[in-house]
Amino acid sequence: MSAYKSDFMKTLDERGFLHQLSDAEGLDKLCAEETVTAYIGFDCTATSLHVGSLVQIMMLYWFQKTGHRPITLMGGGTTRVGDPTGKDESRKVLTDEIIETNKAGIKHVFEKFLTFGDGPNDALMMDNSDWLMKLNYLDFLRDVGRHFSVNQMIQRDSVKLRLEREQHLSFLEFNYMLLQGYDFVEIYNRTGCRLQMGGSDQWGNILSGVDLGRRMTESNFFALTTPLLTTASGTKMGKTAAGAIWLNADMLSPYDYWQFWRNTEDSDVEKFLKLFTVLPMDEIKRLGAFTGVEINDAKKVLATEATALLHGRQAAEDAAETARKAFDEGENAAGLPTIEVPRADLEAGIGVLGLYVTAGLCSSNGETRRNLKGGGVRINDKAEQDHTRMIIAADLTEDGVVKLSLGKKKHVLIKPV
């Protein structure tokens, strides 16, 4: 039974979001007594966020759902510096044009999970370029820099690990902590925000903001982080052989997104249902108790519910139906991911090794070769083990495609154009 009194803290606790808290009792009391404002920052390093950011988005969802006001902070300014956290080398410096393109690409995802507007707990979207781009360097050093201890800064993990490994850390990156801390103070001055949330890798940066806020204002600031999320096999959440699991539909189809969740490891199902769906806890516990073949039913529920949150209920149900036809009935379902290849190439013949890599089913020719030898490769639902096999026009089905399969769950259609 949770010891927390506020709906927000109780919800985060029972669903597994809580990891580090600067003042758990004080934050719980605040959330129980008033409408609180909190923010999470998202740097604009790609045109889409990936599933690794979903824990933070879901935390904002529950924050709003329990009566509070969330802020999504676009890092239009901090992206120009680059966060050294978790990086072995300096981030590539992006042009202003690329940052603006990336910012536009990630903004709309938040509208799927949050309600924006002018109400007391409607979400706000802010951009730290609005204040960081106008800073006067000497004023910033005098007003903000004097509150930071270099002794403490070099003890933060983001800096300490790079120094211990004798890896280059630029003065540009060293300033990131100051800028993120200043963001907290600026957002507080504009909105009254007193809570910054994020992943556990941001703990040091967030604490710097809490400390700076206390020094520059007369208010008490709070920090909250989520655990570093890995799968049961130890891989980082969202990292797959085929690449990142993007949240934008133009970078990863709803069907492929559904499949990602369907392929969840058995021991992760209940944890992921808590974090990535809004199903009631009683239903999650019921599904989490499934074992054996039944666990696949729980995985399908996870896939459909998680996909519905991001892409809508209809897209989720369409993906589930496509999967059912492809796997249960062995049909060439039109909704399967499709890769177009030049018809001339298919008529000349395309090697099976390279084609599986092109289709994103394997990461290398060697991996394809191993799967061929292990019996995991099927072409048009027929097992194939010959690594010299050429895919030719004669392999086209009545639907005008060639169906490539890896195991029972991964399928791609090859379509000549």
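User: Which helix gives the largest share of the nonpolar patch?

Analyst: In this predicted model, helix H6, residues 137-143, supplies the largest share, with 3 residues. The patch covers about 450 Å² of surface and is made by Tyr 137, Leu 138, Leu 141 and Phe 171.

User: Why does Leu 138 count as exposed?

Analyst: The relative accessibility of Leu 138 is 62%, and the cut-off for exposed is over 50%. Leu 138 therefore counts as exposed. This residue lies in helix H6.

User: What makes Asp 183 a residue with no salt bridge?

Analyst: A salt bridge needs a side-chain nitrogen of Lys or Arg within 4 Å of a carboxyl oxygen of Asp or Glu. For Asp 183, the nearest side chain of opposite charge is that of Arg 190, 8.9 Å away. That distance does not meet the cut-off, so Asp 183 has no salt bridge. Asp 183 is nevertheless buried.

User: Where does Asp 183 lie, and which residues does Asp 183 touch?

Analyst: Asp 183 is part of helix H10, residues 176-191. Leaving aside residues up to four places away in sequence, Asp 183 touches Tyr 39, Leu 73, Thr 78, Asn 128, Trp 131 and Leu 132.

User: How do you know that strands E14 and E15 pair?

Analyst: Pairing requires at least two bridges between the strands. E14 (residues 402-406) and E15 (residues 410-416) have 5 bridges, in the antiparallel sense. The requirement is met, so the two strands count as paired. Across this pairing, Val 402 stands opposite Ile 414 in E15.

User: In what order do the 5 strands of the open sheet run, and why are E9 and E12 placed at the edges?

Analyst: The order is E9-E15-E14-E11-E12, with mixed pairing. Strand E9 (338-341) and strand E12 (382-383) each have a single partner strand, so one side of each has no neighbour in the sheet.

User: Which residues of helix H13 are called buried, and what covers them?

Analyst: In H13, residues 269-276, the buried residues are Val 269, Phe 272, Leu 273, Leu 275 and Phe 276. Buried means under 20% relative accessible area, so each of these falls below that limit. Their cover includes helix H1 (7-15), helix H3 (54-65), helix H12 (254-262), helix H14 (281-288) and helix H15 (295-311).

User: How many helices and strands are in the chain, and what share of the residues is buried?

Analyst: The chain has 19 helices and 15 strands. Of its 417 residues, 49% are buried.

Note on methods: Residues numbered from 1 in each chain as written. Predicted model: local features only at pLDDT ≥ 70, side-chain atom pairs only at ≥ 80, totals over all residues. Heavy atoms only, no water. Helix = DSSP H or I, 4+ residues; strand = E, 2+ residues; numbered from the N terminus. Buried < 20%, exposed > 50% of the residue type's maximum accessible area, 1.4 Å probe, protein only. Lys, Arg positive; Asp, Glu negative; His and termini not counted. Contact = heavy atoms within 4.5 Å. Patch = residues over 30% accessible without salt bridge, like charges linked within 9 Å, V, L, I, M, F, W, Y side chains within 5 Å. Areas by Shrake-Rupley, 256 points an atom, 1.4 Å probe, with all protein chains shown as cover.
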